[in-house]
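Thanks, everyone; I would like to spend a few minutes walking through one chain, starting from a pair of strands and working outwards. Please keep the structure in view while I talk.

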Amino acid sequence: MSSGKRIIIYVSYTIGTSSMPFNEFFRRRSELYPKDQYHYVSYPHKNTDEMIGIEKPNSNVHIGKPDSNDLCLILEELLKKFADRNRIIVHSHDPRLTPSLKSVLRPYRKRAKLVHTVHNNFGRQSLNWRIKTTRSIMNSDYSVFCSESSLKNFPLRRMLRKKVSAIQNGVDLKRIRDAQNDCKSHELNSTTDIDTRIKLVTVTKSSTQKNTEFLVRLAHSLNEKFTLKIIGSLSKDLYQVIEECRPTNIETTGIIGREEVYCHFMNSDIFVSSSLWEGLPIGVMEAMACGLPVILSDIPAHREIVEKEHSAYKQHKFSGRSILLEIDQLQWQDELNWYHKNSPKLDEIGNHNRSFITDNFNLQNMHSKYTEIYDKLLGRSV
């Protein structure tokens, strides 16, 4: 392999407290592999100043001007500065950007390679997204899908098998442990009194993907036994449903920082997700890592986690009781009523979930697999 430092340039439209490209890739990898140098290129966010504040000697954030081609110009300047003496990976996280990045890399092909990560389920996105993602994959040196189920939905996976693969998302366990130490009330994690309402928690965003309306109506029907906390951005339609139901057992937080999300997880009893599709849901795995049982809709991405969990627990003769359910209110009511009657088992199930995520979906494993791809691509340039 050629001499020089390895430089990784992450490019994304977004930067923020909930951005996986920024947090799990740029921020965490710079800690795991401190000998490399990292750059994050993005358009601004309302918390941009806060994000830039975490820069380290081996990492830098570069913010472009909105409504311009500024990200390509920033990337070109970075390539001019470093390509002569270093090996460079340009890692794109948005299909709107990747094809343009290839043209910027063209004069530097001997020293720089382009990687693209697909963060969602290919089969459930809009036609425009699928076209752009396919173009991104065709224009990249290598593309990674965030889950096996996501890769299976890509129709050209066999034709392009030498340049695509799946690497399952990983959870930042260190960040969760640090948040747990800072969260003064995390001891309130479990509910052991059958007469106490069990605290449900979910994460949503302003789209139909999360199907949060189903959970609102479900919680409303179980008002005396459960509360529901909804974390994230609510759509106008969801606001209307909440206004229509006027539930007394539902709380919304809006968009909050990741550490605060973990604190809410630690002070809840069960994580619920009725998503219609996912790539590989980091929120589900983070909740499990925080020690929560989970109840999930029966979709391929959820199935990928649960089937792996059930397989892992067979040797211990224990069921983690991570449940997959159809979008049917009676099924969910029955499962939640089981937990209400067996609330002392919440901690036991949650502890097994935490161990499972630690062993199978940690961020170190994810990055070691990306490192193999980086090294293989850069090794071809000599």
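Let us begin with strand β1, residues 6–11, which pairs in the parallel sense with strand β2, residues 37–42, over five bridges. Within this pairing, isoleucine 9 of the chain is the residue that stands opposite histidine 39 in β2. I should say straight away that we are looking at a predicted model, and the values I quote are computed from it.

Now, what lies across these strands? Helix α1, made of residues 20–32, lies across β1, β2, β3 and β4, the last of these being residues 87–92, and α1 runs at about 160 degrees to β2. Helix α5, residues 127–139, also packs on the sheet, where it touches β5 (112–118), β6 (142–145) and β7; the direction of α5 makes about 150 degrees with that of β5.

Stepping back to the sheet as a whole, seven strands form an open sheet with parallel pairing, and their order is β3-β2-β1-β4-β5-β6-β7. Its edge strands are β3, at 59–63, and β7, at 164–166, each of which pairs on one side only. On average, and ignoring direction, neighbouring strands of this sheet are turned by 20 degrees against each other.

Let me move on to another part of the chain, helix α9, which spans residues 236–245 and whose buried residues are Leu238, Val241, Ile242 and Cys245. Why do we say that these residues line one face of the helix? If you look down the axis of α9, the buried residues fall within an arc of 95 degrees, so they line one face. The face turned away from that buried side carries Lys236, Gln240 and Glu244, which are exposed. As for what covers the buried residues of α9, the cover includes helix α8, at 212–221, and strand β10, at 250–254. Just after α9 comes arginine 246, for which the model gives a positive phi of about 50 degrees.

I will finish with the chain overall, where the secondary structure comes to 15 helices and 13 strands. Of the 382 residues in the chain, 56% are buried, while the accessible surface comes to about 17200 Å², with 48% of it belonging to carbon and sulfur atoms. Finally, if we take the contacts between residues at least 6 apart in sequence, 72% of them join residues at least 24 apart.

Notes. Residues numbered from 1 in each chain as written. Predicted model: local features only at pLDDT ≥ 70, side-chain atom pairs only at ≥ 80, totals over all residues. Heavy atoms only, no water. Pairing = 2+ DSSP bridges. Helix = DSSP H or I, 4+ residues; strand = E, 2+ residues; numbered from the N terminus. Axes fitted to C-alpha atoms, helices over the stretch in contact; angles between N-to-C directions. Contact = heavy atoms within 4.5 Å. Buried < 20%, exposed > 50% of the residue type's maximum accessible area, 1.4 Å probe, protein only. Arc of directions from axis to C-beta. Areas by Shrake-Rupley, 256 points an atom, 1.4 Å probe, with all protein chains shown as cover.
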